[in-house]
Amino acid sequence: MSGEVVLVRQGAYHDSVQLMRVSRALAETPGVEAAMVAMATELNVAVIRDLGFTVPPAAPGDLLIAVRAADPAAAVAEADRRLAALEPAAPGGEAGQPPLTTGSAIRRTPAGLVLVSVPGEHAFCEAHDAVLAGLPVMIFSDGVPVAQERRLKELAEQRGVLVMGPDCGTASIGGVGLGFANVLAPGPVGVVAASGTGAQQVTSLLDWAGTGVSHILGVGGRDLSAEVGGLSTLRALRLLEEDPATELIVLVSKPAAPEVARAVEEAAAGLSKPVVRALLGRPSPASSAPVGLVAADLTAAAEAALRALGRPVPAWPSWPGRPPRGAPKAIKGLYSGGTLSAEAALVAGQGDFVDYGDDAYTRGRAHPMIDPTLRVEALARATETDVVLLDVVLGHAADPDPAATLVPAVARTPAAAVVVALVGTEGDPQDPHRQAAALREAGAAVHLSNAQAARHARSLL
Amino acid sequence: MTFLSALSQGPPRVVTAGAGLLDEALAAQAVPTTPVAWRPPLPGTADALARVLADPRRQAANELAVRRLTTARPRLVGVRRASEALAGPLDGAFLHAGPPITWERASGPMRGALVGAMMLEGRAGDEHEAARRLAAGEVALRPCHEHGAVGPMAGVVSPSMWLFEVRDEEHGGTAYCSLNEGLGKVLRYGAYGPEVLERLRWMDEVLGPVLAAALAAAGPLDLRALAAQALQMGDELHNRNRAATSLLLRALAPAVAEAAPDRAAQVLRFIDGNDHFFLNAGMAAAKAATDAARDVPGSSLVVAMARNGTDFGVQVSGLGGRWFTGPAGVPDGLYLGSYGPADANPDIGDSTITETAGLGGFAMAASPAIVRFVGGEVADAVRATLSMYEITLAEHPAYQIPGLGFRGTPVGVDVTLVARTGLLPVVNTGIAGRVPGTGQVGAGLVKPPVEAFTAALLALADEVSDPFENGHISTSARQ
């Protein structure tokens, strides 16, 4: 006999990743059949209903605890114990009162940077505190209204502050990785990136080639739009121009509004340091850059940077998988990085690609680099004529062992073949060699270059 | 030097707001962090918050408003009869505490105090006649706050009452507050029996004139300095005024003795017998300081919190004299004698002006002697004060708390911070009996209604002209 309980806790807030960990731990507790602890967002309520629970009325700011277990009371107690463990310890000297706003935290201790990852509709307030205090801010949050982004960047322009993001997945400032960040050796390449995974691909390849990175300044996917006007891209270029540790700049850009592209081209042309453009999607018509510095994909951008620095371009490692079963007919892309997905689609020239890192899939739940659920389900849904192409992104903040959940899914998938683009460095905590070996064991082909992975997938058709 | 080249000094401390995982990833890199204990803002405020924060006037407006609040130098300059000090505004009307109220909506203690004032002024022969005349609208009721005054509890001011007159020497404003009648059955708690009216008449005939003469001789008293000293002597200047009253008495005693040798003893005994005698002077000082911060366009600073026994209202610097209200709550505290929560009236009085000015509940950590009233332990008092730094714009330069290393008290409530943190101002208060004529039944803490603050925030957002439509992009991108 088992019973079920769905509790609504008003105003008890925790972030989605922490709640996902609590849910997972609870679900694995002996005697528990199903469990989900989550904020009552529309998406989460739907998921809990799908688990067969009856969900009482709740607002998105409420916490839901849903358990089906032999002893539901004990399961709720366990949930409470795990939730209590999430409460932040009070910082010293201010007994019992942690800072509740970014402004308060900034006033308490001298800080050099602010990292905002609250839900997008609330990110403006926290980022605004940082800009007002004159501190650079990385906004990891997605879903920030574009008018708010523009306002923040205008204010930052007045105050000489860099705003990275919103929807900035990665940055590295003087070796400190923010957000999803690979462990990179220090070196001469500075990166300005409108794409987080794009920057991770370029810098991971550079790291593999023995060339380090000074800084990665993410600007957010909308920075080059007409509405935002490239304000952060232009500031980031100026910062790297002034930075003595940077010798060469790689600009990873998405298709830009024509007048913004012109402004960025002009700015880049005016710098004393070489600028390699990784122009994704389509080449910029106004590009005045020397031909050798314009790259059509991320791997080519890393290679162009190496050549411009006078360094050798290595063969990018790959680990062959088992031969495909049957007669593969189509490519199915299951990506966690939007830029990697777009690049793979472009290189493969065909196939059906889904970016599970898109806002549509991450609202109210963790990013696919942390939460593999949706992609594991998609692997199970693949057909016998599919070549599944997917990315596995390593580094700080990413899944501590992605192979652990992907290997059984790869082994079980009905797909004809699985090809993995493994984005990571030898310094990353997950160890790319170990990840590659485990994925290959399960039958997948693994490539360190996403572009090569896409070409390989196409070659299997 | 840019922040990139500043990194040669080592990895910067990172303030993190949001996902704990990203904070942990920094810890894994041995980078020091200050995590924000972030929570979503009050429901329905997200858009208004962004609009108000984006108002280009706001930062400078708040700096100006809070500077005016904390640099005010209130001095007690006189004691005057209301009919003389507020001749124009009064003109037959009665003032009362809190936002505007009608007889129909007035609570028991407010009605009791109005009835008492009718009889004190000889405008009614008994309580029934007084109530009838008030119900018929024969007397206009106006908020104290709208006439430069504040009143404790019911806060009723009628022409024959005497008022403390406080002048802000820095910005020139003047504020008034009635004289404190003592404890027990008193008009401000809604009592109007014979002993109440008798005491008020004595105050009119003896206390007022003697204090007026003494102050004229002893010269203006620096209330800011006096309050600062009292904080260091264990008062928070709302529910505890023992030290401040003693200091006031010490300063005035010689002049009282000289001004009225034959009545000095009864005046000094009256003041000495009432630990709250300073409260009213302190309230006028707080009113003078908060009024200095009024009417700064774009400012989200709260310049008044006040209750009339039915509604709790706030006023905001950038929104002029508009009131934003919600239902007044019933205080949680200790009750006198056999009284209990069922006897309590909802929150009442202008004394929240002390919290508005960075005293009272905000200065709880200075006053361990009264923690039993308001939550039990000294640690709770410290916690209350520390939490108020999260919703205020400044630390008061003069009002310091020895137990917090002489840190200034939190001062200047910002409605945006209330909405962002969900923390409401901590308010210490007395508790009036709900039945007219009862008087005080206890004292404790009360929670202001959240809707007063959210309504003020939404009104501020309405005043902001399209902060996201400035369109400076094309020019600034070219710089």
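Reader: Which residues is A:Ala421 in contact with, leaving aside its neighbours within four places in sequence?
Author: This is a predicted model. A:Ala421 lies in strand E18 of chain A. Leaving aside neighbours within four places in sequence, its contacts are A:Leu390, A:Asp391, A:Val392, A:His447, A:Asn450 and A:Ala453.

Reader: Is A:Ala421 buried or exposed?
Author: Buried means under 20% relative accessible area. A:Ala421 has 0% relative accessibility, so it counts as buried.

Reader: How far apart are the C-alpha atoms of A:Ala421 and A:Ala360?
Author: Along the chain, A:Ala421 and A:Ala360 are 61 residues apart. In space, their C-alpha atoms are separated by 23 Å.

Reader: Where is A:Ser336, and is it buried or exposed?
Author: A:Ser336 sits in the loop between strand E15 (330-335) and H11 of chain A. The cut-off for buried is under 20% relative accessible area. With 2% relative accessibility, A:Ser336 is buried.

Reader: Which residues does A:Ser336 contact, leaving aside its neighbours within four places in sequence?
Author: The loop that holds A:Ser336 runs between E15 and H11. Outside the four places on either side in sequence, the contacts of A:Ser336 are A:Asp355, A:Gly357, A:His367, A:Pro368, A:Met369, A:Arg375, A:Asp391 and A:Val393.

Reader: Which residues of helix H11 in chain A are buried?
Author: Helix H11 covers residues 338-348 of chain A. Its buried residues are A:Thr339, A:Leu340, A:Ser341, A:Glu343, A:Ala344, A:Val347 and A:Ala348.

Reader: Which residue just after H11(A) takes a positive phi?
Author: H11 takes in residues 338-348. Just after H11(A) there is a positive phi of about 75°, and the residue is A:Gly349.

Reader: Where is A:Gly321, and what does it contact beyond its neighbours within four places in sequence?
Author: A:Gly321 is in the loop between strand E14 (318-319) and E15 of chain A. At 29% relative accessibility, it counts as partly exposed. Beyond its neighbours within four places in sequence, it contacts A:Gly443, A:Ala444 and A:Ala445.

Reader: How far apart in space are A:Gly321 and A:Phe180?
Author: In sequence, A:Gly321 and A:Phe180 are 141 residues apart. In space, C-alpha to C-alpha, the distance is 27 Å.

Reader: Which two residues does a cis peptide bond join?
Author: One partner, A:Pro166, is in the loop between strand E6 (163-164) and strand E7 (170-173) of chain A. The omega of the bond is about 5°. The cis bond joins A:Gly165 and A:Pro166.

Reader: What is the phi of A:Asp431?
Author: A:Asp431 lies in the loop between strand E18 (417-423) and helix H15 (432-441) of chain A. Its relative accessible area is 29%, so it is partly exposed. A:Asp431 is not a glycine, yet its phi is positive, at about 60°.

Reader: Is B:Asp91 buried or exposed?
Author: B:Asp91 is in the loop between helix H5 (87-90) and strand E4 (94-96) of chain B. Its phi is positive, near 40°, and it is a residue other than glycine. Exposed means over 50% relative accessible area. B:Asp91 has 66%, so it is exposed.

Reader: How many helices and strands are in chain A, and what is its radius of gyration?
Author: Chain A has 16 helices and 19 strands. The globule rule gives 23 Å for 461 residues, so chain A is as compact as a globular protein of that length, with a radius of gyration of 23 Å.

Reader: What is the radius of gyration of chain B?
Author: Chain B has 17 helices and 18 strands. A compact globule of 479 residues would have a radius near 23 Å. Chain B agrees with that, at 24 Å.

Reader: How many residues does each chain bring to the contact, and what area is buried?
Author: Chain A gives 76 residues and chain B gives 60 residues. Carbon and sulfur atoms give 63% of the buried area. That area is about 5600 Å².

Reader: Which three residues supply 11% of the area that chain A buries against chain B?
Author: No other three residues supply more of the area that chain A buries. The three are A:Leu100, A:Leu115 and A:Arg151.

Conventions. Residues are numbered from 1 along each chain as its sequence is written. Chains are lettered from A and ligands numbered from 1 in the order in which they are written. This is a predicted model: local features need pLDDT of at least 70, side-chain atom pairs count only at pLDDT 80 or more; totals for chains, interfaces and linings use all residues. Side-chain values use heavy atoms; hydrogens and water are left out. Helices (H or I, at least four residues) and strands (E, at least two) are DSSP runs, numbered from the N terminus. The radius of gyration is taken over C-alpha atoms; the globule rule is 2.2 Å times the number of residues to the power 0.38. Contact means heavy atoms within 4.5 Å. Buried area is the accessible area (1.4 Å probe) that two parts lose on being put together, summed over both. Buried means under 20% relative accessible area, exposed over 50%, partly exposed in between (1.4 Å probe, protein chains only).
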